Amino acid sequence: MATKLLLTFAICRLIVTVGLTLDPTELLLLGVDAQLSVDPTDVKAASLDFGLLIGAQPPLAVMHPASSQDVAQLVKAAYGSNFGFTVSARGHGHSINGQAQTANGVVVQMSGSKGGSGMASGRKPPHPRVWPQERFVDVWGGELWIDVLRSTLQHGLAPKSWTDYLYLSVGGTLSNAGISGQAFNHGPQISNVHELDVVTGKGELLTCSEEQNSEMFHAVLGGLGQFGIITRARISLEPAPQRVRWIRVLYSNFSIFTSDQEYLISLHEQPASQKFDYVEGFVIVDEGLINNWRSSFFSPHNPVKISSLDPNGGVLYCLEIAKNYHESTASTVDQEVESLLKKLNFIPASVFTTDLPYVDFLDRVHKAELKLRSKGLWEVPHPWLNLFVPKSKIADFDKGVFKGILGNKTSGPILIYPMNKNKWDHRSSAVTPDEDVFYLVALLRSALDNGEETHSLEYLTNQNRQILRFCDEAGITVKQYLPHYTTHQQWVDHFGNKWDRFYRLKMEFDPRHILASGQQIFTPTNMASWR
Ligand code: FAD
């Protein structure tokens, strides 16, 4: 061990002496026990993300860790080196703006390590371990949620809170929040974690929970990777439902649509039989979408012709709700759904229903992914904009954005659904508007190079700026979800009254700003200013 550290220091001193940046081949000599790779395939994969918005940021090397200790050893070397280099955990690289990248350091490829090309030693991260009696599961930080689900289902259990798409890593979503239509009821994924193992920016491995290292625990949840690398998460489970009744209904009046959504999420304390398990919704501003969105639904009682609705301003709203059930309770599900639907004010006869296994419901976006991939439409730039909008301003947002700025063109789905703030732990690092109810508005666009101006990356990026400017000028105090800012002041404003604590804990747990530099919140400290 001592020899390895000496070697590390020797290399770093040499690099500083000759004024070079760290050389990839020299990185391989750092002596970290795990698998560091400079294989061009690994480096290229780690230099890009789902957003494809910024140019490739090739790291110096990629690590495929097999354990928390591997990660700790690397971060310790980075922290202790005279020159210093950055370390960014990468889950599945589904960020939009390079948040998991680092150009001058090492990417720790947390997901996919089980079969990654760096697995020369045959060592692999641990598999999920389910504790059926206690109803939780311990998972590796890079585990994909789809694999968490598969493991827990073997015990008839499942996590309670989800994202719409399951090919995301546990560490990646817990660094943001992890939200979907269950959040109104169970809170975001960060509200459903019992314990974490985290490697701090000093290379220390800490276990944290409500009771132990609690400040670290809350800081890491929603902490954008700033305080440590999550290597293990203990996630709360419930008995897994077997099937899902999945329903969509339409509205042409925004205020009726949001009243119904808000009514449904207000039922969160009611018994399971008297509420839906999932509440989301989306906006249909685009004629193309009107014809496509319901392909997987049927409605035996549905005489409505969507094209004949001709909504004012061309905008329709779709409420999407789901009820989970077990085959043993199948006989009551119709009745429960019926009595909930009776309380809603959607366009009569616009009920589209489907019934499917629970896993297929949770994994629904993967189907869309396969379709888009087959058409070459997945690996394109994604100028996404995700906003939390306070309930009091959602009507202004509708007028100004859905019926205004978008101009009947969206280039992708627009999700809209409300959540209850009391299901979010205010001690976490996640930032939400200061109202009891707030909406997620997610503009999930894909830019295409097909000659149509409104599909171009430049057009969509400008439109995102226009939306943010509009909110600012109209006094709509939105908070970005999966935030992306480029100036210090913007980050301070984003965190608001959480900033002082965020900054203090950063100085405590990652004083050299080694971790997750791709978020662009803190600038890595180089040797000159450190020693
Ligand atoms: P990455 O992009 O790899 O990393 C994201 C950030 O987390 C980086 O800063 C990285 O350094 C850090 N990080 C990664 N792993 C760790 C770790 N183990 N410890 C500490 N920090 C870490 N989000 C939702 O909430 N709900 C949704 O329904 C939803 N749907 C999505 C659908 C698609 C198709 C896509 C592309 C994204 C979606 N997201 C959704 C966003 C998603 O939650 C974020 O992209 C998130 O970052 C997870 O992606 P990832 O695991 O690939 O993380």
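Trainee: By class, how many nonpolar, polar and charged residues does the shell around the ligand have?
Mentor: There are 13 nonpolar, 17 polar and 2 charged residues in that shell. Keep in mind that this is a predicted model.

Trainee: Okay, and which residues are the closest to the ligand?
Mentor: A89, G91, S95, D164 and Y481 are the closest, out of 32 residues that surround the ligand.

Trainee: What does G91 do there, backbone-wise?
Mentor: A backbone N or O atom of G91 sits 2.6 Å from an oxygen atom of the ligand. S95 uses its side chain instead: a polar atom there lies 2.5 Å from an oxygen atom of the ligand.

Trainee: And which side chain has an N or O atom by a nitrogen atom of the ligand?
Mentor: That's S175, with an N or O atom of its side chain 3.2 Å from a ligand nitrogen.

Trainee: How much of the ligand does the protein bury?
Mentor: The protein buries 95% of the 950 Å² that the ligand exposes when taken alone.

Trainee: Which elements give two or more residues to the shell?
Mentor: Those are β3, α6 (170-174) and β10 (228-239).

Trainee: Where does β3 sit in its sheet, at the edge or inside?
Mentor: The sheet is an open one of 4 strands, ordered β1-β2-β4-β3, with mixed pairing. β3 (86-90) is an edge strand, and so is β1 (35-37); each pairs on one side only. Neighbouring strands in this sheet are turned by 25° against each other on average, direction ignored.

Trainee: How does β1 pair with β2, parallel or antiparallel?
Mentor: Antiparallel, with 3 bridges joining β1 to β2 (residues 61-64). In that pairing L36 stands opposite M63 in β2.

Trainee: Switching sheets: what's the strand order in the one with 8 strands?
Mentor: The order is β14-β11-β13-β12-β16-β17-β15-β18, in an open sheet with antiparallel pairing. β14 (352-357) and β18 (479-480) each have a single partner strand, so one side of each is left without a neighbour in the sheet.

Trainee: How many bridges join β11 to β13?
Mentor: There are 9, between β11 (residues 243-251) and β13 (residues 316-325), which run antiparallel. L250 stands opposite C318 in β13.

Trainee: Last topic, aromatics. How many pairs does a search of the whole structure find?
Mentor: The search finds 28 aromatic pairs. Take F254 and F257: their ring centres are 6.1 Å apart and the planes are at 45°, so that pair is tilted.

Trainee: How far apart are F254 and F257 along helix α9?
Mentor: About one helical turn, because they are 3 residues apart in α9 (residues 254-265).

Note on methods
Residues are numbered from 1 along each chain as its sequence is written. This is a predicted model: local features need pLDDT of at least 70, side-chain atom pairs count only at pLDDT 80 or more; totals for chains, interfaces and linings use all residues. Side-chain values use heavy atoms; hydrogens and water are left out. Two strands pair if DSSP finds at least two bridges between them. Axes are lines fitted to C-alpha atoms, for helices over the stretch in contact, and angles run from 0 to 180 degrees between N-to-C directions. A residue is near a molecule or strand if one of its heavy atoms lies within 4 Å of it. A polar contact is a pair of N or O atoms within 3.5 Å; within protein, one must be able to donate a hydrogen and the other to accept it, and residues adjacent in sequence count only if both atoms are side-chain atoms. Accessible areas come from the Shrake-Rupley method with a 1.4 Å probe; for residues, only the protein chains shown count as cover. Ala, Val, Leu, Ile, Met, Phe, Trp, Tyr, Cys and Pro count as nonpolar, Asp, Glu, Lys and Arg as charged, and the others, Gly among them, as polar. Rings of Phe, Tyr and Trp (its six-membered ring) pair if their centres lie within 6.5 Å; planes under 30 degrees apart count as stacked, over 60 as edge-to-face and the rest as tilted.
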